[in-house]
Amino acid sequence: MVAIEDARSSVRTVVAEHPCPSWLQGIATANRLRNTSSGHEESDPQVVFATMQQLCMHGKVAQRLAAARMLSRVSRYADVNVLDFLRGNNISSEGFGMRDKASEVRAAAATTAGVLARDTGNPAIIASLIDLFEDSDGTVRSSALSALSKVAALGSDQYCVDTLLLRLAGSSWSARVLSAQALGDIAVRGMPSVVSGLAAALADDDWAVQKAAAKSMGIVANVGDLFALEALLPLLHDADWRVRKTAVVAIGNVAERGCLRAITAILLRLDDTSVAAPQRLDQGTADVLDVKLSAVIVLERLAEANDAHVLGALYTFQGSLRLPLDDKLHRAVMHACENLSAVIAHDVEIDGERGCGAGGEGGEYEDESCSVASDESVRSMSSCDSSDE
């Protein structure tokens, strides 16, 4: 008992005076283990209280940051008081936890809330995390999105889904982007309200919202969902290559094998003049070649074996490539042609959450070529209008 009390005393002293070093994290973990009884974790109320005091009252950012992180180690799982405190709602003072003036503290508080409220579906925490989607700091927004995916009960949290759908139609571009991403994380495949909300977001005037909505649509919509497919097809003519690439991948996830509507539309991604010809957006840049590489892999997934139309288009496209500049694309076309020429088609599985791959042991193009890029840091505030052929 003396050893335990000494450890607790050390925790209280260091929490009150210093940032949280690695050795203190070890003491905190040991403190939780020593207080485990009958399978239920118990925490030291005095340590928790001291940590909460540091979070809201200490004048130095480093100490408040340490406290926000420390609470995930010394608090009980789903402790309502601690969770309310992290939201900044437990005492009359303002500007702590998720409302702290320092962005790193807000991010840490969101992360800790995700740990303590994991799988609880706590509506208050969900609301506070979604509020952070409009935060001015990108790290805070990212932390809130990650925490929300932990807190919301996958597929059964209607409150979270409804709240995200409201934000998806809101005025804040960052909230719309993150709401679209979050719906892809927590919604179950085929939810009608989510598919409908994402379809509306595909027509957003901001490319980042379109891109996020397209990616999530590829995850949430059922295979063969014609409504989702028709909503995605116009994005293949968008002026932004990131939107077009994401739409290609999403269509590959939603369309059924042999779907002529999808195949015909994706074949146009092999044509340099099919998008906004005066802008010449598809002329040989590495970014556009990435779109074409995605299109080749998706065509391999969707086309039937020995589809003469698709094979002819791929062979013609292959003849237009410039080696060695287009070597990677050349190899992808050869791979697709070989598989589609087989008596039994090679079924390429496309994963909506991680992009698409060439399948089998020869899938050297997986992740690298067909993943949806994360371009939040280079996001343009200008809108991107879809251009019909």
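These legends go with four close-up views of a predicted model. Local features need pLDDT of at least 70 and side-chain atom pairs 80 or more, while totals for chains, interfaces and linings use all residues. Numbering starts from 1 along each chain as its sequence is written, and side-chain values use heavy atoms, leaving out hydrogens and water.

**View 1. Helix H6 (residues 103-116) packs with helix H8 (residues 138-151).** Their axes (lines fitted to C-alpha atoms over the stretch in contact) sit 8 Å apart at an angle of about 5°. That makes the two roughly parallel (angles under 35 degrees). Among the residues in contact (heavy atoms within 4.5 Å) are Ala107 and Ala110 of H6, plus Ser143 and Ala147 of H8.

**View 2. H6 also packs with helix H4 (residues 61-74).** Here the axes come within 8 Å and cross at roughly 10°, so H4 and H6 are roughly parallel too. H4 brings in Leu65 and Ala68, among others, and H6 residues including Val105 and Ala109 meet them.

**View 3. Phenylalanine 85 and phenylalanine 96 make the structure's one aromatic pair.** Ring centres are 4.8 Å apart, with 45° between the planes, so the pair is tilted (centres within 6.5 Å make a pair; under 30 degrees is stacked, over 60 edge-to-face, the rest tilted). Phenylalanine 85 lies in helix H5 (residues 80-87) and phenylalanine 96 in the loop between H5 and H6, so the pair ties together parts 11 residues apart in sequence. Both phenylalanines are buried (under 20% relative accessible area, 1.4 Å probe, protein chains only).

**View 4. Arginine 242 caps a tryptophan ring with its charged end.** The charged end sits over tryptophan 207, 3.9 Å from the ring centre (for Arg, CZ within 6 Å of the centre and within 35 degrees of the ring normal).

How values were computed:
Axes are lines fitted to C-alpha atoms, for helices over the stretch in contact, and angles run from 0 to 180 degrees between N-to-C directions. Helices (H or I, at least four residues) and strands (E, at least two) are DSSP runs, numbered from the N terminus. Angles under 35 degrees count as roughly parallel, over 145 as roughly antiparallel, 65 to 115 as roughly perpendicular and the rest as oblique. Rings of Phe, Tyr and Trp (its six-membered ring) pair if their centres lie within 6.5 Å; planes under 30 degrees apart count as stacked, over 60 as edge-to-face and the rest as tilted. Buried means under 20% relative accessible area, exposed over 50%, partly exposed in between (1.4 Å probe, protein chains only).
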